[in-house]
Amino acid sequence: QGLSMDIHPIRSKADYEAALKTVEGLMETDPVPDTPEGDKLDILATLIEAYEDRHFPIEAPDPIAAIELKMETAGLKTKDLARLLGSAPRASEILNRRRRLTIDMIRRISTHWHIPAACLIQPYEVKRKS
């Protein structure tokens, strides 16, 4: 046994910092899964993740930023988006925020480029025609 399970909910910044310090110490010993040390690390990681999700939420990128990120990381070009959407002017209008994504476009992009539809349906600014 040897290892006490003095784990409690993370309710404050001090609790959070203490949990991080404990995890850091455990990581240095490279705990084996299914041992008291490994269990303690798993439990603390879960508590830390829950605290971070509550206190430091990360907002999903807007749909156009998500498309641009995918294009950058996958080496895709505007012509690839044009091929997917069926028209170069339409792809350009989407990337320049002059046209909104339609449900059909969202389905195609989500299916072929594996960008979650939940991200693509987020509201975003479209430039007004001057």
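# Helix packing, salt bridges and positive phi

Modeller: Helices α4 and α6 are oblique to each other. The model discussed here is predicted.

Biologist: At what angle do α4 and α6 pack?

Modeller: The axes of α4 and α6 are 10 Å apart. An angle from 65 to 115 degrees would count as roughly perpendicular, and one over 145 as roughly antiparallel. The pair falls between those ranges and is therefore oblique. The angle is about 120°.

Biologist: Which residues of α6 make the contact with α4?

Modeller: The two helices cross in a right-handed sense. On the α4 side, the contact uses D80, L81, L84 and L85. On the α6 side, the residues are M105, R108, I109, H112 and W113.

Biologist: How many charged residues does the contact of α4 with α6 have?

Modeller: Sorted by class, this contact has six nonpolar residues and one polar residue. The number of charged residues is two.

Biologist: Is D80 buried or exposed?

Modeller: The relative accessible area of D80 is 18%. A residue under 20% counts as buried. D80 falls under that cut-off, so D80 is buried.

Biologist: Which residue forms a salt bridge with D80?

Modeller: The partner lies three residues away in helix α4, about one turn of the helix. In general, residues three or four places apart on an α-helix point the same way. The closest N and O atoms of the pair are 2.7 Å apart, and the cut-off for a salt bridge is 4 Å. The partner of D80 is R83.

Biologist: What is the relative accessibility of R83?

Modeller: R83 counts as exposed, whereas its salt-bridge partner D80 is buried. A residue over 50% is exposed, so R83 clears that cut-off at 60%.

Biologist: What covers the buried residues of α4?

Modeller: The residues in question are D80, L81, A82, L84 and L85. The cover includes α3, α5 and α6.

Biologist: At what angle do the axes of α4 and α5 cross?

Modeller: Helix α4 spans residues 78-85 and α5 spans residues 88-95. Their axes come within 8 Å, and the crossing is right-handed. The angle is roughly 115°.

Biologist: Which residues of α5 make the contact with α4?

Modeller: From α4, the contact draws on T78, L81, A82 and L85. From α5, it draws on A88, R90, A91, I94 and L95.

Biologist: Which residue follows α4, with a positive phi?

Modeller: The phi of this residue is near 90°. The residue is G86.

Biologist: How many salt bridges are found in the whole structure?

Modeller: One of them joins D104 and R108 at 2.4 Å, N to O. These two residues are four apart in helix α6, about one turn. A search of the whole structure gives a count of five.

Biologist: Which residue forms a salt bridge with E17?

Modeller: E17 and its partner are four residues apart in helix α1, separated by about one helical turn. E17 is partly exposed at 43% relative accessibility, and the partner is exposed at 56%. The closest N and O atoms are 3.2 Å apart. The partner is K13.

Biologist: At what angle do the axes of α1 and α2 cross?

Modeller: The axes of α1 and α2 come within 10 Å. α1 passes α2 in a left-handed crossing. The angle is roughly 145°.

Biologist: Which residues of α2 meet α1?

Modeller: On α1, the residues are K13, Y16, A19, L20, T22, V23, L26 and M27. On α2, they are E37, K40, L41, L44, I48, Y51 and E52.

Biologist: How many nonpolar residues does the contact of α1 with α2 have?

Modeller: This contact has one polar and four charged residues. The nonpolar residues number 10.

Biologist: Which residue in the loop between α1 and α2 is exposed, with a relative accessible area of 61%?

Modeller: Most residues other than glycine have a negative phi. The residue asked about is not a glycine, yet has a positive phi of about 50°. It is D30.

Biologist: Where is H114 found?

Modeller: H114 is not a glycine and has a positive phi of about 55°. At 64% relative accessibility H114 is exposed. H114 is found in the loop between α6 and α7.

Methods: Residues numbered from 1 in each chain as written. Predicted model: local features only at pLDDT ≥ 70, side-chain atom pairs only at ≥ 80, totals over all residues. Heavy atoms only, no water. Axes fitted to C-alpha atoms, helices over the stretch in contact; angles between N-to-C directions. Left-handed = near helix turned anticlockwise from the far one by under 90°. Contact = heavy atoms within 4.5 Å. Salt bridge = Lys/Arg side-chain N within 4 Å of Asp/Glu carboxyl O. Buried < 20%, exposed > 50% of the residue type's maximum accessible area, 1.4 Å probe, protein only. Parallel < 35°, antiparallel > 145°, perpendicular 65-115°, else oblique. Nonpolar A, V, L, I, M, F, W, Y, C, P; charged D, E, K, R; others polar.
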